[in-house]
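Dear colleague,

Please find the structure below, followed by an account of what was found in it.

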Amino acid sequence: MIFTFVVIFIICFCLVRLLPISQAAGPGKDPENFYLRMVALGRMQVDKTSATGYSEVPVIQQFWSFIKNLFAPATYIDSDGVTQTLSRWGYSYSESKAMPPDELLWERVPPTILLNVYSMIVSVPIGIGLGIFMALQKNKWPDHVLSVVVMLVISVPSFIYAFLLQYLFCYVFNWPYSTIANGTNWLSPEMFVSMILPILSMSFGSIAGYARYTRAELTEVLTSDFMLLARTKGLSRAQATVRHAFRNSLVPIFPMLLGEILGLLSGSMIIEKIFAVPGVGALYLTSILMRDYDLFQFLSMFYISIGLVGGLIVDISYGIVDPRIRMGGGKQ
């Protein structure tokens, strides 16, 4: 996991710095302090032959400067003669004012988490319940109809649902919230109502995915030999399904749920952009478009960490949920 993190980190670092700094977002309204910060961070050097008076240093030198700044944050004297200490993660220049990337991230985390939590609350029970119904109706007309609907829904990207919902609710039915409400009162009723459309956009695909996966697992368990034994011992179909079949079918579904919980912080870049959600996904997209080096690097490390830790915990959880599949357990 550590090796994978380091490799991806180096690739992201080198590739983004091969792109030129965005002149629209880089120097901005304070070019003097911008270049002073870039020199302090080891991104640029004084070059009198350049039009700006500064030129970029080689990527390898930038990499070592970045590593050194992690352990000993750089300082510089700003245009007013005041000594400033930079964040160990550098600073972001794509926002209205220079800020450390970690501070920007924590400002944007609440709406992303809230949006994903609401989406899970909607999609998990509906998806699993729909999958159970489809498994119990296997090869009957409700199962065939729902299977076709699930395949259609799961094949359509979430941003298509976003545009359809915006057109249907906001244009046809005059729904007042084509984007989320302004402000930072994330738990207010108005904010919740304004989040309904992005929540639905993110939930459709998840509902279809859970329904398909639950149906497949539960159908396999219902045809197992131990289910026949449970029925012959006197249990009704409902009792056998609840006590034995459903619990066993949750073994592969539980890590899937755990992985989605761990992914709450990642957000949805496209959905957040469409509905103007000031979350982590929109911030990451901005860092790419504006070529905001330090912000992009910090958010990339953040996403990589979530993905790798989530994958590790999901792998470990298989053995916790079902001891039969633990590795290295020895002979029984």
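**Packing around Leu 299**

Beyond its neighbours within four places in sequence, Leu 299 is in contact (heavy atoms within 4.5 Å) with Leu 105, Val 280, Leu 283, Tyr 284 and Ser 287. This is a predicted model, in which local features need pLDDT of at least 70 and side-chain atom pairs count only at pLDDT 80 or more, while totals for chains, interfaces and linings use all residues. Residues are numbered from 1 along each chain as its sequence is written, and side-chain values use heavy atoms, with hydrogens and water left out.

The largest nonpolar core (buried Ala, Val, Leu, Ile, Met, Phe, Trp, Tyr and Cys residues joined through side-chain atoms within 4.5 Å; buried means under 20% relative accessible area with a 1.4 Å probe, protein chains only) has 28 residues. Ile 21, Phe 34, Leu 105, Val 280 and Leu 299 have the most contacts inside this core. Two or more residues each come from α1 (2-17), α2 (31-40), α4 (101-136), α12 (280-289) and α13 (293-321), helices being DSSP runs of H or I with at least four residues, numbered from the N terminus. The largest share, eight residues, is that of α13.

In the contact between α4 and α12, Leu 104, Leu 105, Arg 108, Val 109 and Thr 112 of α4 meet Val 280, Gly 281 and Leu 283 of α12.

Arg 43 lies in the loop between α2 and β1 (44-46), strands being DSSP runs of E with at least two residues. Arg 43 counts as buried because its relative accessibility is 2%. Its side chain reaches the backbone oxygen of Leu 41 at 2.8 Å.

With kind regards

Methods: Buried means under 20% relative accessible area, exposed over 50%, partly exposed in between (1.4 Å probe, protein chains only). A polar contact is a pair of N or O atoms within 3.5 Å; within protein, one must be able to donate a hydrogen and the other to accept it, and residues adjacent in sequence count only if both atoms are side-chain atoms.
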